[in-house]
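Please open the model in the viewer and keep the sequence at hand. The tour below proceeds by selection, one stop after another.

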Amino acid sequence: MSLERIPVEQLDSPEKNRISRNRWLLTRRTCQLLMLALFLAGPFLGLWVIKGNLASSEVLGVLSLTDPLIMLQSLFAGHAVYVTAIIGAITVSLFYVVVGGRVYCSWVCPINMATDLAAWLRSRLALSRDLVIPKQVRYVVLFLVPFLCWQTGTIIWEFVNPITIFQRGLVYGAGLSWGVVLLVFLFDLFVTKRGWCGALCPVGAFYGLLGAKSLIRVNAGRRNRCTDCGDCYQVCPEPQVIVPALTGEKKGLSPLILSGECTNCGRCIDVCPENVFNFSHRLTNIRP
Amino acid sequence: MAFLKSRRKFIGRILQYLGSLGVFGFLIAGHAQREKTGLPAIVIRPPGALSEKDFLSACVRCGLCVRNCPFDTLKLAELGEPVTTGTPYFVARRIPCEMCTDIPCLEACPTGALSHALLDINKADMGLAVFTGVDTCYAFTGIGQCRACYLACPVKDRAITMEAHRRGGRDVFMPTVHTDYCTGCGKCEHDCITDQASIKVLPRHLVKQDAGLVV
């Protein structure tokens, strides 16, 4: 990582072509579709790489994976969870602690494709941002979930969770589960910009907290090249996370985007005409 | 926090949070309450399932039981069905439980919603068969000598016996379920030859009561 100032005349040409402008977006879509394909290959093609769904699954008959938030809900609902699910939840947690909690949101969650589409349409149709839901609401919801689990004795978020309802619908036969995605999509398109993932979804909030100290981070390493064009803020689903990294040089703030709310989607890396951002890791933050 | 500029704004914000918290919680809790109210009578849970209340706190709706059932018996409830969305069940008249001795569905359950304490499938307690064919059962009405349910029963001679009764001056046979042995697999209901099965498996809590509680 180079933090030294680069003279303007030495800047490499910022020209980016269509592919390089969407490199991480394309990689991410591929990953999301691959995740869906892996779950669907079993029931539709008989290729059983992964059995189950995002709530809990079994990889190649040996590795158990369980969503840690769902396991916590079960614990709060008063069930002594069997050891398989506990091991599965720890495995999943460890993974996200390293790569970034909200990598789940931007690289795995199938709802993300619908909400990204809504956000894109919103900017295309120039829909105004009329209603603002405070981003902190999701933490309130996240607090509410275990409380209600405890009160009702059920895994309560799973009655509502569009992620698991939709993905389960795809893997086990659809029913009305498409409707849930449509609701989230319309909410994001017409009610408020990035409202679901950015302000309400407690799953994202949970993974954000899980990955608050994650290893892999986006780095505004060449922030001295920034021309304040604002492109990164436009595309970022959590624009508040960019501010300290991009503008904090005078305050001595790290160029790493340290907030757990960053989804590591890499869209800022894609769109920045000055190539300010790149993927890096937290250890570059430690200076001798 | 920068967004809390004045006391009035602060109080307003707090009220806003509490309000949305209340509304959101109320909606979710109400929805959950509606979702978990009872299991329809034709719906039977897989072997080893905890009591319905405990089951809903334990099942993560992953469907691994469904995937490991070799007979495609189990199904996950879809959104809009009268069973709690995503939880596993089977309808005996469609495909009954074949009572595998290694209980693969239970083996696959990661959370213990299907209790790993059940080791012998013959001790399973999925439901209870109930004779409903007073007017329809071939054996009991004396139309014929059918004993399809008796032959289908995997807990042979213990869960279902054909008991002789005197009816209208004739000897007839009534399929009689013995609650201590019936596992609720539903093979009797599945094999019953009448249009509407004359023997039906029902969730156990609908049928069997603790005798001590009956006033």
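Select A:G173, the residue that follows helix α8 of chain A; its phi is positive, near 105 degrees. The model on display is a predicted one.

Now extend the selection backwards to α8(A) itself, residues 162-172. How many of its 11 residues are buried? The helix is mostly covered, with 10 of the 11 counted as buried. Colour these buried positions: A:P162, A:I163, A:T164, A:I165, A:F166, A:Q167, A:R168, A:G169, A:V171 and A:Y172.

Next, display what surrounds them. Within chain A, the buried residues of α8(A) pack against α2 (23-45), α6 (111-124), α9 (177-191) and α11 (202-210). From chain B, α3 and β1 (75-76) also pack against these buried residues.

**A pair of helices in chain A**

Remain in chain A and select helix α3, residues 68-76, together with helix α7, residues 137-152. These two helices pack at an angle of about 40 degrees, and their axes are 7 Å apart. The crossing of α3(A) past α7(A) is right-handed. Which residues make this contact? On α3(A), select A:L72, A:Q73 and A:F76; on α7(A), select A:V145, A:P146, A:C149 and A:W150. By class, the residues of this contact comprise 6 nonpolar, 1 polar and no charged. While the helices are in view, one may recall that an α-helix has 3.6 residues a turn, so residues three or four places apart point the same way.

**Where the chains meet**

Show both chains and select the contact between them, to which chain A gives 41 residues and chain B gives 33. On the side of chain B, look for α1 (7-35), α2 (52-58) and α3 (64-68), the elements that give two or more residues to the contact. Which of the elements supplies the largest share of that side? It is α1(B), with 10 residues. Colouring the chain B side by class shows 15 nonpolar, 11 polar and 7 charged residues.

**Two domains in chain B**

Finally, hide chain A and select the two parts into which chain B is divided: domain 1, residues 35-126, and domain 2, residues 128-208. Taken over C-alpha atoms, the centres of these domains are separated by 24 Å. Where the domains touch, 12 residues of domain 1 are in contact with 15 residues of domain 2. The domain 1 side of this contact has 9 nonpolar, 1 polar and 2 charged residues.

Notes:
Residues numbered from 1 in each chain as written. Chains lettered and ligands numbered in written order. Predicted model: local features only at pLDDT ≥ 70, side-chain atom pairs only at ≥ 80, totals over all residues. Domains from an automatic or database assignment. Contact = placed C-beta atoms within 7 Å. Nonpolar A, V, L, I, M, F, W, Y, C, P; charged D, E, K, R; others polar. Helix = DSSP H or I, 4+ residues; strand = E, 2+ residues; numbered from the N terminus. Axes fitted to C-alpha atoms, helices over the stretch in contact; angles between N-to-C directions. Left-handed = near helix turned anticlockwise from the far one by under 90°. Buried ≥ 20, exposed ≤ 12 C-beta atoms within 10 Å, placed from the backbone.
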